[in-house]
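Let's get to know this structure through a few short exercises. Try each task yourself before reading its solution.

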Amino acid sequence: MDEQTRDAAKRRASESAVEAVSDGDVVGLGSGSTAEHAIRILGDRVEEGLDIVGVTTSFQAREIAIEKGIDLTTLDETDGHIDVTIDGADQFAGSDLIKGGGAAHAREKIVASATDSLQIVADPTKETDVLDTVVPVEVLPDARTTVANAIRELGGEPELRWAKRKSGPVVTDNGNLLFDADFGAIDDPETLATEIATIPSVVEHGIFPGYADAVHMGTEDGVTVFEY
Ligand SMILES: O=C[C@H](O)[C@H](O)[C@H](O)COP(=O)(O)O
């Protein structure tokens, strides 16, 4: 699938997911290139009269939402409740997800866990039978060596994520560092999720076991919707 076809598939997935949003909803706004389509489409609907407020998951999502004129709020103001969230994923195996390719997974998990209905938008390159892409792990900077050792003890190979146009590591929106940890095929995502979460000073990791309520997978000529 070339980049243009893939981008069109991402947009089709987003058009489908936006149908899950109703007037009056508090909407979680995800991060990444696929969720960007969804935020832009929602912005167009708001201009046509759709009445929603958004809760953003990253600096990126906030910038796009502001540009598109979507009113924003916070989880503190909505009593920790979100009706529907539209977000992307790096991989999905049924309702199990790996997220954080854009380093936004900590805020994304806060928003997802506060959400009644998590709608995932993806293109076909994200679908897999068994999760096997790297797991992003956000850590407090002082703990990078101890967390790296603990990841190795769990069978993973951690690599500090390096910035592309800066000499040094990626620093998350929360001011932390990030490992991409290669665990190979992850047969039991729920157990690994719990094990990584219990490492001291891990802020959040990118395994979202059983989180998706629906995955909208854009294809070359349509959309396949998986509901869980
Ligand atoms: O941290 C980033 C998020 O988890 C994204 O939703 C995920 O990486 C998918 O991004 P994209 O739609 O650009 O592939």
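**Exercise 1. Find out which residues surround the ligand, and what classes they belong to.**

Step 1. A residue is near the ligand if its C-beta atom, placed from the backbone, lies within 6 Å of it. By that test 18 residues surround the ligand, and the closest are Gly 32, Thr 34, Gly 88, Gly 101 and Gly 102.

Step 2. Please keep in mind that this is a predicted model: local features need pLDDT of at least 70, side-chain atom pairs count only at pLDDT 80 or more, and totals for chains, interfaces and linings use all residues. Residues are numbered from 1 along each chain as its sequence is written.

Step 3. Now look at the elements, where helices (H or I, at least four residues) and strands (E, at least two) are DSSP runs numbered from the N terminus. Helix 2 (33-47) and helix 4 each supply at least two residues of the shell, and helix 2 gives the largest share, with three residues.

Step 4. Sort the shell by class: Ala, Val, Leu, Ile, Met, Phe, Trp, Tyr, Cys and Pro count as nonpolar, Asp, Glu, Lys and Arg as charged, and the others, Gly among them, as polar. The shell has four nonpolar, 10 polar and four charged residues.

**Exercise 2. Decide whether helix 4 is enclosed or open.**

Step 1. A residue is buried if 20 or more other C-beta atoms lie within 10 Å of its own, exposed if 12 or fewer, and partly exposed in between, with C-beta atoms placed from the backbone.

Step 2. In helix 4, the buried residues are His 105, Ala 106, Arg 107, Glu 108, Lys 109, Val 111 and Ala 112.

Step 3. Seven of the nine residues of helix 4 are buried, so this helix is largely enclosed by the rest of the structure. For the protein chain, 46% of the 228 residues count as buried.

**Exercise 3. Describe how the two domains meet.**

Step 1. An automatic or database domain assignment gives the bounds: domain 1 covers 3-126 + 210-227, and domain 2 covers 135-202. Their C-alpha centres lie 24 Å apart.

Step 2. Two residues are in contact if their C-beta atoms, placed from the backbone, lie within 7 Å. On this basis, 10 residues of domain 1 are in contact with nine residues of domain 2.

Step 3. On the domain 1 side, strand 5 (96-98) and helix 4 (105-113) are the elements that give two or more residues. Helix 4 gives the most, with three residues.

Step 4. By class, that side of domain 1 divides into five nonpolar, three polar and two charged residues.

**Exercise 4. Locate the largest nonpolar core.**

Step 1. A nonpolar core is a set of buried Ala, Val, Leu, Ile, Met, Phe, Trp, Tyr and Cys residues joined through C-beta atoms within 7 Å. The largest has 55 residues, and Ile 120 and Val 137 have the most contacts inside it.

Step 2. Both domain 1 and domain 2 give residues to this core, so it lies between them.

Step 3. Not counting residues up to four places away in sequence, the residues that Ile 120 touches include Phe 92, Leu 97 and Val 215.

**Exercise 5. Is Arg 6 buried or partly exposed?**

Step 1. Arg 6 lies in helix 1 (residues 3-18).

Step 2. Arg 6 has 17 C-beta neighbours inside 10 Å, so it counts as partly exposed.

Step 3. Leaving aside neighbours within four places in sequence, Arg 6 is in contact with Met 1, Asp 123 and Thr 125. The C-alpha atoms of Arg 6 and Thr 125 are separated by 8.6 Å, although these residues are 119 apart along the chain.
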